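Me: I have a structure open and want to learn how to read it. Can we go feature by feature?

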Amino acid sequence: MSNNDKSAAKAALAGIRVIDMSRVFAAPVGAQILGDLGADVIKIERPGVGDDGRGYGFSWVPGKDGIETRHSSFFTVSNRNKRSITLNHSKPEGQAILKELVKTADVLIENYKVGDLARFGLDYESLKAINPRLIYCSVTGFGQTGPMAARPGYDGLFQATGGMMAVTGLPEGQPGGGPLKTGPSLVDFVTGHNTALAILGALQYRNRTGEGQFIDIALLDSSVAMVSHIMQDYLISGQAPPRLGNGGNGGGPADLMRCADGIIYLTAGTDEHYRRLTVLMEQPELFTDPRFDSNLKRGKTNRAELMDLINRWSENFTVTRMQDMLDGVGIPAARYNELADVWEDEQVKHRNLRATTPHAWAESGSVDLIASPLAQMSASPATIRMAPPMLGEHTAEVLAEIGIDEARMAELREVGAI
């Protein structure tokens, strides 16, 4: 038995088949998580074009011998552990193939506009008639119902409309103050995780009842939920908290500390951690100073004044020395890393977060991927068994599994169905 076979046998979702009709980022992330957990994920892509996400991002995996991999950063980070087939679902022949695949599937994920797939008889009700156990998950910007359901949507829109930007960035009145988008596409990423989580719940429900179901996942819903305790603070108080830049929003002091040769992020938000910090600074009087004698004062009202005092002290030490000092007294802190520094971090290396994966068409013969954060499960860990697929790489393989021979495949190619 090969290592891949052994991994598959141990996988939490071994035996689960997923039809992935999604594009770009949020929903593909959800399908990828299921693949990492061992599901057989069949990615449906447009003939000759493929997932729109293949063209997103600013870097592409270089191919060998002049091959164009069309593996952009967006595609590469969200499509490992999938088999790609090309299929034109607008053609009757393509619809027939898809329905044959649905008969063998447990889950279908799609992120087309509301009602779009119904035109081709590929909506939940139509496919439920073929496979009543099917779990059908639709991922859209605004959800399946409501006045905005028909609108398209991307990550930045929902950071703006769901409250994320309202609490991210520097305070008003400071240089550069105002709403700010986060660097990564966090709403997309979290929506992908919510997609996988909902499907896992639906699979468990089906285990008990034998019934499939329809799942309506919206980026809007995820974006509002992501504001989390800050939004809850607003619901409790009726007051919108100020943007704090790099400041923590659960207590203080929590912010970037300047050191002689770099930066550390400090979180000393509890009274005890703050007391230890004042002792370490050899300024214990700051613990009872009326300017800083409550979490509210340290984290909000007088935050800037306190961080100025801390930075005057921390600038006398190197990052390594400061980290050792803070670790020594049990105060949470972490070195600030540029992207290149992340992969040199000893704990990142220890956790094997850089996953070098064989890739037959890559110039180097492999591609570096970001490991799944679910890889540390003791009995059924998430694994990376396959690099993201080339467009249509597995078309013949998958169609053969549902009884389509080479002669019929040639006919399907001729009419543009695959």
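Me: Let me start with one residue. Is Val107 buried or exposed?

Reply: One caution before that: this is a predicted model. Now the idea. Look at the relative accessible area; under 20% counts as buried. Val107 has a relative accessible area of 0%, so Val107 is buried.

Me: Where does Val107 sit, and what is in contact with Val107?

Reply: Find the element, then list the contacts. Val107 lies in strand 4, residues 107-110. Set aside the neighbours within four places in sequence. Val107 is then in contact with Arg17, Val18, Ile19, Leu134, Ile135, Ile199 and Leu203.

Me: How far is Val107 from Ala333 in sequence and in space?

Reply: Keep the two distances separate. In sequence, Val107 and Ala333 are 226 residues apart. In space, their C-alpha atoms are 42 Å apart.

Me: Now salt bridges. How many salt bridges does the structure hold?

Reply: The general test is a side-chain nitrogen of Lys or Arg within 4 Å of a carboxyl oxygen of Asp or Glu. The structure holds 27 salt bridges.

Me: Which residue forms a salt bridge with Asp40?

Reply: Arg83 does; the closest N and O atoms are 2.9 Å apart. Next, ask what such a pair connects. Asp40 is in strand 2 (residues 40-45) and Arg83 is in strand 3 (residues 82-86), so the bridge ties together parts 43 residues apart in sequence. Then check accessibility. Asp40, at 23%, is partly exposed. Arg83, at 8%, is buried.

Me: Which residues are linked with Asp40 and Arg83 in a network of salt bridges?

Reply: Follow the bridges from residue to residue. Arg17, Glu397 and Glu401 are linked with Asp40 and Arg83 in a network. Arg17 has come up before, among the contacts of Val107.

Me: How far apart are N and O in the salt bridge of Arg258 and Glu315?

Reply: The distance is 2.8 Å, N to O. This pair links distant parts of the chain, 57 residues apart. Arg258 is in strand 7 (residues 254-258). Glu315 is in the loop between helix 12 (303-314) and helix 13 (319-328). Arg258 is partly exposed at 40%, and Glu315 is partly exposed at 37%.

Me: What separates Glu272 and Arg276 along helix 10?

Reply: Count residues along the helix. Glu272 and Arg276 are 4 residues apart in helix 10 (residues 271-280), which means about one helical turn between them. Their side chains meet in a salt bridge, 3.0 Å from N to O. Glu272 is partly exposed at 34%. Arg276 is partly exposed too, at 30%.

Me: Let us move to a sheet. What is the strand order in the open sheet of 3 strands?

Reply: Read the order across the sheet, then the direction of pairing. The order is 7-8-9, and the pairing is antiparallel. Strand 7 and strand 9 (333-335) are the edges, and each pairs on one side only. Neighbouring strands are turned by 25° against each other on average, direction ignored.

Me: How many bridges join strand 7 to strand 8?

Reply: Look at each strand pair in turn. Here 5 bridges join strand 7 to strand 8 (residues 263-267), and the two run antiparallel. One case is Ala254, whose bridge partner in strand 8 is Thr267.

Me: Which helix packs on this sheet?

Reply: Check what touches the strands, then compare directions. Helix 12 packs on the sheet and touches strand 7 and strand 8. The direction of helix 12 makes about 30° with that of strand 7.

Terms used
Residues numbered from 1 in each chain as written. Predicted model: local features only at pLDDT ≥ 70, side-chain atom pairs only at ≥ 80, totals over all residues. Heavy atoms only, no water. Buried < 20%, exposed > 50% of the residue type's maximum accessible area, 1.4 Å probe, protein only. Pairing = 2+ DSSP bridges. Axes fitted to C-alpha atoms, helices over the stretch in contact; angles between N-to-C directions. Contact = heavy atoms within 4.5 Å.
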